[in-house]
Structure formats: C-alpha cells, structure tokens
Amino acid sequence: MPSAPLTELSSWKALEAHQPEVAGLHLRDLFARDPDRGERMVAEAAGIWLDYSKHRLTDKTLSLLFDLARECGLRDRIDALFRGEHINVTEDRAALHVALRMPRGTQLAVDGVDVVEQVHGVLARMADFAERVRSGAWRGATGARIRNVVNIGIGGSDLGPVMAYEALKYFSARDLTFRFVSNVDATDFVEATRDLEAAETLFIVSSKTFTTLETMTNATTARAWLIAGLDAAADSGAVSRHFVAVSTNTEAVEAFGINLDNMFEFWDWVGGRYSMDSAIGLSTMVAIGPERFHALLSGFHEMDEHFRTSPLERNLPVLMALISVWYADFFGAQTVAVLPYDQYLKRFPAYLQQLTMESNGKHTTLSGARVDYDTGAIFWGEAGTNGQHSFYQLLHQGTRLIPCDLIGFAQPLNRLGRHHDLLMANVFAQAEALAFGKTADEVRAEGVADVVAPHRVMEGNRPTSTILARELSPRTLGALVAMYEHAVFTQGVMWSIDSFDQWGVELGKALAQAIVPQLESDEDPDLYHDSSTNALIRRYRAMRGRGVPKLRL
C-alpha cells in the first residue's frame, strides 16, 4: 500500500497537472505529430495483440501512469498475489486463482498446504468424470445414456460456465445438449428442461456452500423434476446417478442425495468470479473434453506469467488497467464498452460485468477510508456487428466519453465466403471512425447541404483498444480472460481497494430472506419496513389472494 492517500501521491498530482495538456488534443493531432504511433503503441503476449495507440494519451501520459503504478506498489502487490498472501483483507484470504492453472509439479503453499497438488488432484477426477459422460460410460438410473447436462449455479458459478460454453461451442461435443439454470425465476428452470428426458439428464449443482438460495431452490426443483420423470419404480438412489456437485460442503451435498465420490471441490481462496477454470468449469470440461480444457488452462497460465514477469511498460493487463484509470479518474468516463467481433463471444461482456463491477465497485479503501475518486467503471457491450445497428450511434455522436475494447480474430472458426473479411473490416473501420471521425469540411466536400452538414459531422476523438488474436481457441480464451482478470486486479491496486470481496451483494440477500416468509405466510404478518416496501408487500399479497398484512406501529 502507498504511504499516502492516492490523491496525495506525487504521481497522481502530476497526472492532474498533465491532464489539461492532453484534454485539448485530438487523436487526429496525436497521429499527425507521431505518424508511427500505431506501430509503437502496441504490445503482445500469450497470442494476444493489443493496439492502444487510439487513446487520448501521450508518451508522457504513459510515463506518469507507470510512475503511479510504482508509487502504489503494484510490483509488490503482484508478487503478493502469486505468493498466496492474504490479499483479500476483509475476509483474510488469499486470492489465488492463478494456482488453478499452474502446471503439474509446480509447488505453491498456502497456509502450509501445497495447493497446486490439490488442484491437479481435482482436475484428474474431473477428467475421469468428463470422459465417462462423453463416452457414454456414465449411465442414468434407468441405464440410459446421459445426453443432457444442466449446470445449476448463479453468479460466477453460472456466468463463467455459460460464457465458456458459448465461446468454445465450436469445440464442444455436439451429441450432448448443455443448458444453464441460474435465475430463481421458475421460467429459467422450466424453459431449460422443457424438452429434456429425465432419464437422459445430468445436473451439475455448483455452489461452494451448497446453501445459496437461488441455486439450492433450483436444485431442489430439479430433484423433484427428475424423480417425477423417472419410472415410478426408481428408488431414491436415482438422484446419485443424475446429480453431481461442485462444492466444499460435504454434509449438505450428501444430505441432498449426491454421492460424495461425485463431489468436486474447490477452495475458499477461489472467488466465484475467478472460478471458471476450477471445478466450476466441470460443464466446460464435459463439453470440450479434458485435453482442450487443459489448453484453456495453459492460456490462462501463459498470461499469468506474462503479468507476473513482464516490465510494466510491456505488460498487457497493466496497460489496460492504467488506461482505464486515466479515463475514469482524469476524464470522468463512467463506462467501458466491450465489443467482441465474434458471435461465440456473445456472453463475454456479461461475464466481464461481474468480473469488473463486483470486483471494483467499492467505495472503501483497504485502510477503511471513503474514497474521494471514482472506482469501478460500468462494463457493457454486444457482439459486433449487431451492436453497430443498435448503440454505436451514441458511441459516435453522443455526448458521453465511452472508451471501447474491440476484440477480433484473424482466422474464423466457420468459413463462409467473404463473411470474415467483412466482419473484420468493421473492427478496423469502427476504430478508425471513432478515433478520427469526419470534419465539417469533409462533410461539405461530399456535397452535403449546409442545413444537413452538422448532423453528418463525427467529432471523433473516441478512444479504443483493439485486441487481436489468431483464432478463438481454448488457449486464446484462457489468455483473454486472464488478461482482464489481471487488469481488474491492477485497477484495484491503483485504487487501494479489495477486489476480491463483495459485501454489497450480501445486504439484498439478507433482506430477501426476511421478506420471503412475509410473502408466503397464510396468516397476516406484521410488517416493519419502510412505507414503500410495506405497501409493495401488501399489494403483492393482495394480488396473490393472501390477504393484507397488518402494519407494525
């Protein structure tokens, strides 16, 4: 941690003084002054190419940002992360997701235990299970082959597996159907299982504690659905042939009816939003197979090593993070748009929403003080080119500064005529148009009438990062996710916040638990909330025909 509050650091004050020098510059000016900028402001690692030249910064800006990183102790914090120190200070835990992808034989002790050996023990069990399901050796209670796999989880136990399945669908076993249930809304479960046969369906229940309200409600419903759908003669042991668990709570798993041989563990040093490469990725391994899952892990690890060892000036996650801090805290940017030009990555923006916003949506520093600067940008986005016909109008001509990440791949997984060249032409064109726009003189030179010309002007100066890779493979996906993970961590170091807790998630959960019996009660319950919440509960109960409860005076 730095010795002084962030805004009192000399590097922060230097950036504040420098910002007006850059604020008045247009990207057209920056490229005119430095024609080789597009060749210089690039970095590459783990098969990922980052072009950050179309950002509103200079070499001096970058130098000052690196000074800030050093003054915030970034290198020491990176080392602490990889040593397994308890950097999740509010929960007194390590945040050691990097151990999930360390090669076999690597040693890393956390609280005296070699966690890498534990990780590979679980991976071996996952691989054995995945192969049995994929080969048809795993049979349901009636002897039927498993043809449907339904992952039940929420948050990181859902967003990671869903994103990974969609991203790597090209490599998945097409004789298996994969579905994902997360929302406690009954519609989610009903629609996910509507066309499935119980005898052919396997549920993976993913919950570290095996007490998460949404997950266990859906799991209990799934168990009832299974039993109802099987032959009436099937005994209660049928559950153990159709359910496996990803959890740490052996007692709850066994009480549910799942054989402990089919429980795959992970650890309290794995945060939910950092867990897609742990046992939470069991559905991913079943879908793409153990060999490709290990390729995914190798991509993660390659980016981990780049982040751990590379100089800050050539470090992809560090560059991305510092640029984000520059816009958030010195330009007032509130959001970041993530625009993957690959349909397989359609769920990637939603995945990043949790990774970034749950990690860095914090208003308290590690020392317990209230921050006096902005943290945690709002992440959003859509797959290209769909977004171009939706919200890109605001990106080009709106009044808000929205930095964008454009993600593309040189080689398509599916080849159809000119499709891929047309797709990638849009990546490069959008970055160019956002950066340089179209001036009033250029519009008039096209013969546009003066009355219309102002509407056709594009101011430009809209910043973008362009991220390129050869193709969307398991290895590439691992490297891409790890790059964002470490960028989020780096931002947290800059802002002196704990990127690994999520206490803001807990309050709503606790209040919901108190309200549930007030909604379900046959008797009129006493209400003790604010007038709005009381009125809403009364209205809901009346609509459900449950009477109107008394107010506590």
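**Aromatic contacts in close-up**

**View A. Phe436, at a relative accessibility of 21%, counts as partly exposed in this predicted model.** Its partner ring, Phe31, has a relative accessible area of 18% and is therefore classed as buried, since the limit for that class is under 20%. The charged end of Arg37 is placed over the ring of Phe31, at 5.6 Å from the ring centre.

**View B. Phe31 and Phe436 belong to the set of 27 aromatic pairs that the structure holds.** The two rings meet edge-to-face, with 5.2 Å from centre to centre and an angle of 80° between their planes. Because Phe31 is part of helix 2 (residues 27–33) whereas Phe436 is part of helix 17 (residues 419–436), the pair ties together parts of the chain that lie 405 residues apart in sequence.

**View C. Phe189 and Trp225 form an edge-to-face pair, because their planes stand at 85° and their ring centres are 6.4 Å apart.** The contact joins distant parts of the chain, with Phe189 in helix 8 (residues 186–193) and Trp225 in helix 9 (residues 213–229), 36 residues apart. Phe189 itself counts as buried, its relative accessibility being 6%.

**View D. One aromatic cluster brings together Trp12, Trp326, Tyr327, Phe330, Phe331 and Tyr373.** The side chains to be located in this view include Trp12 and Tyr373, together with Trp326, Tyr327, Phe330 and Phe331, which belong to the cluster as well.

**View E. Arg223 is positioned over the face of Phe256.** The distance from Arg223 to the centre of the Phe256 ring is 4.2 Å.

Conventions: Residues numbered from 1 in each chain as written. Predicted model: local features only at pLDDT ≥ 70, side-chain atom pairs only at ≥ 80, totals over all residues. Heavy atoms only, no water. Phe/Tyr/Trp six-rings, centres within 6.5 Å; stacked < 30°, edge-to-face > 60°. Helix = DSSP H or I, 4+ residues; strand = E, 2+ residues; numbered from the N terminus. Buried < 20%, exposed > 50% of the residue type's maximum accessible area, 1.4 Å probe, protein only. Lys NZ or Arg CZ within 6 Å of the ring centre and 35° of its normal.
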